[in-house]
Amino acid sequence: MANKWFETVAVAQRRAERRLPRSVYGALVAGSEKGLTARDNLAAFDELGFAPHVAGLAPTRDQSTTVMGQAVSMPVLISPTGVQAVHPEGEVAVARAAANRGVAMGLSSFASRPIEAVTAVNAQVLFQLYWSGTRETMVQRLERARAAGAVGIILTLDWSFANGRDWGSPWIPERVNLRALARLAPEAFARPGWTWSYAKTGHFPDLTTPNMAAPGSPAPTFFGAYYEWMQSPPASWADVAWLRSQWDGPFMVKGVSRVDDAKRVVDAGATALSVSNHGGNNLDGTPAAIRWLPSVVDAVGGQVEVLLDGGVRRGSDVVKALALGARAVMIGRAYLWGLAANGQAGVENVLDLLRGGVDSTLLALGRSSVAELNRDDVVLPPGFRRSAGS
């Protein structure tokens with residue numbers, strides 16, 4: 001039997017591309033318009049260098065930290081991602097993997113599995129909300145998350161409904177009915193491993209969003225939930241403060257780039273923010289998240305926890321973000337490639353790779369703990385940083 005272990009996230013991505021139907025893989029690659037932001041999220045990490053030591057290195061290294069009140073074994077969190085037609089167990093497999101590796105998990109409102117099934121296997125679930133629907137609807141979702149045992153809330157605001165991709169967007173049906181199956185059949189037959197994994201369960205992805213369901217109502221389809229979101233007036237800062245007041249625990253605002261927005265997040269009472277551009281799926285041409293990170297940390301890092309979400313593929317990337325002031329990073333596509341490549345074990349494989357990469361980088365930098373990292377550990381080229389709204 002072939003060895004299912006992979007040595008880098010890039011290898012996992014190649015395996016995912018070979019295993020997933022073209023439309024599913026294309027949806028995960030995502031990006032918008034020309035893909036400038038999605039590419040820069042990766043390229044920016046390559047521009048950062050290290051300043052290693054050669055003697056007096058720490059014989060042991062500690063990666064443990066706390067994020068949003070949660071003790072975690074390393075400074076990596078699972079970022080919430082939408083409907084996962086990647087693997088039959090979807091977010092439940094991801095949650096088990098995260099729990100086994102001592103990592104907290106963000107769960108999307110647009111997830112394919114209900115929050116109750118996810119909190120049943122991971123006690124460190126952060127429930128993600130969009131500003132979607134009425135205030136009453138959002139309070140209902142908060143109450144459901146609270147009842148299910150969620151330990152924190154992530155409010156995602158970095159989305160402007162950009163559409164169109166120069167390389168073409170995948171066809172995604174609203175429901176997997178006979179007509180959709182007929183159209184998708186060539187893709188499915190070309191990926192027998194993925195097809196068989198679902199066939200064994202007796203069903204194909206239903207593309208619904210159970211966490212967006214109203215009490216006593218069936219789960220809306222992804223496009224039904226997306227339409228509600230699109231039709232909802234954008235949140236004001238007063239709305240953000242109001243939503244935060246409805247939750248008495250840790251509360252993150254995800255999607256910050258500008259310093260003035262970061263300060264408003266603090267004013268709204270949030271306990272954390274994530275510097276993010278929605279994985280390059282938002283306004284194309286927005287610089288990589290890590291380019292904004294130092295300015296945001298300088299402005300508000302002493303008042304809220306600052307996380308980085310976007311482009312992390314290696315443990316050394318994690319260290320670069322921490323050295324520039326992030327409390328932790330969030331990963332999205334990286335764990336989805338692992339899930340596609342080998343299910344729960346593939347997600348654990350990705351987390352193990354990141355842990356190993358963090359450890360070897362700490363060793364070379366002479367640091368005994370992630371808490372010791374600082375900007376002296378990295379080399380920033382001229383013009384790397386971006387700042388706006390200061």
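Me: Helices are DSSP runs of H or I with at least four residues, strands are DSSP runs of E with at least two, and both are numbered from the N terminus. In which loop does Ala-30 lie?

Reply: This is a predicted model, in which local features need pLDDT of at least 70 and side-chain atom pairs count only at pLDDT 80 or more, while totals for chains, interfaces and linings use all residues. Residues are numbered from 1 along each chain as its sequence is written, and side-chain values use heavy atoms, with hydrogens and water left out. Ala-30 follows α2, and its place is the loop between α2 and α3 (36-47).

Me: Is Ala-30 buried or exposed?

Reply: Buried means under 20% relative accessible area, exposed means over 50%, and partly exposed is in between (1.4 Å probe, protein chains only). Ala-30 has a relative accessibility of 7%. Because that value is under 20%, Ala-30 counts as buried.

Me: Which residue in the loop between α2 and α3 is not a glycine and has a positive phi of about 50°, yet is partly exposed?

Reply: Ala-30 has a positive phi near 50°, but Ala-30 is buried. The residue asked for has a relative accessible area of 36%, so it is partly exposed. It lies in the loop between α2 and α3, has a positive phi of about 50° without being a glycine, and is Glu-33.

Me: How are α2 and α14 oriented to each other?

Reply: Two packed helices are described by the angle between their axes and the distance between the axes. Axes are lines fitted to C-alpha atoms, for helices over the stretch in contact, and angles run from 0 to 180 degrees between N-to-C directions. Helix α2 (residues 22-29) and helix α14 (residues 333-365) pack at about 160°, with their axes 10 Å apart. Angles under 35 degrees count as roughly parallel, 65 to 115 as roughly perpendicular, over 145 as roughly antiparallel and the rest as oblique, so α2 and α14 are roughly antiparallel.

Me: How many nonpolar residues are in the contact of α2 with α14?

Reply: Contact means heavy atoms within 4.5 Å, and here it is made by Tyr-25, Leu-28 and Val-29 of α2 and Arg-333, Leu-336 and Trp-337 of α14. Ala, Val, Leu, Ile, Met, Phe, Trp, Tyr, Cys and Pro count as nonpolar, Asp, Glu, Lys and Arg as charged, and the others, Gly among them, as polar. By these classes, one residue is charged, none is polar, and the nonpolar count is five.

Me: How many of the 11 residues of α4 are buried?

Reply: Helix α4 (residues 90-100) is mostly covered. Its buried residues are Gly-90, Glu-91, Val-92, Ala-93, Val-94, Ala-95, Ala-97 and Ala-98. They pack against β4 (76-78), β5 (105-107), α5 (115-119) and α14. The number buried is eight.

Me: Which backbone oxygen does the side chain of Gln-63 reach?

Reply: Gln-63 is in the loop between β1 (49-50) and β2 (65-67), and at 7% relative accessibility it counts as buried. Beyond four places in sequence, the residues it touches include Ser-73, Met-74, Val-358 and Leu-362. A polar contact is a pair of N or O atoms within 3.5 Å; within protein, one must be able to donate a hydrogen and the other to accept it, and residues adjacent in sequence count only if both atoms are side-chain atoms. At 2.9 Å, the side chain of Gln-63 reaches the backbone oxygen of Arg-355.

Me: How far apart are the C-alpha atoms of Asn-349 and Phe-6?

Reply: Asn-349 is in helix α14 and is buried, with a relative accessible area of 7%. Leaving aside neighbours within four places in sequence, Asn-349 is in contact with Lys-4, Trp-5 and Phe-6. Asn-349 and Phe-6 are 343 residues apart along the chain, while the separation of their C-alpha atoms is 7.3 Å.

Me: How many residues apart are the salt-bridge partners Asp-298 and Arg-375?

Reply: A salt bridge is a side-chain nitrogen of Lys or Arg within 4 Å of a carboxyl oxygen of Asp or Glu, and the structure holds 18. The side chains of Asp-298 and Arg-375 meet in one of them at 2.9 Å, N to O. Asp-298 is in helix α12 (residues 289-300) and Arg-375 in the loop between α14 and β12 (378-379), so these distant parts of the chain are linked by a pair whose separation in residues is 77.
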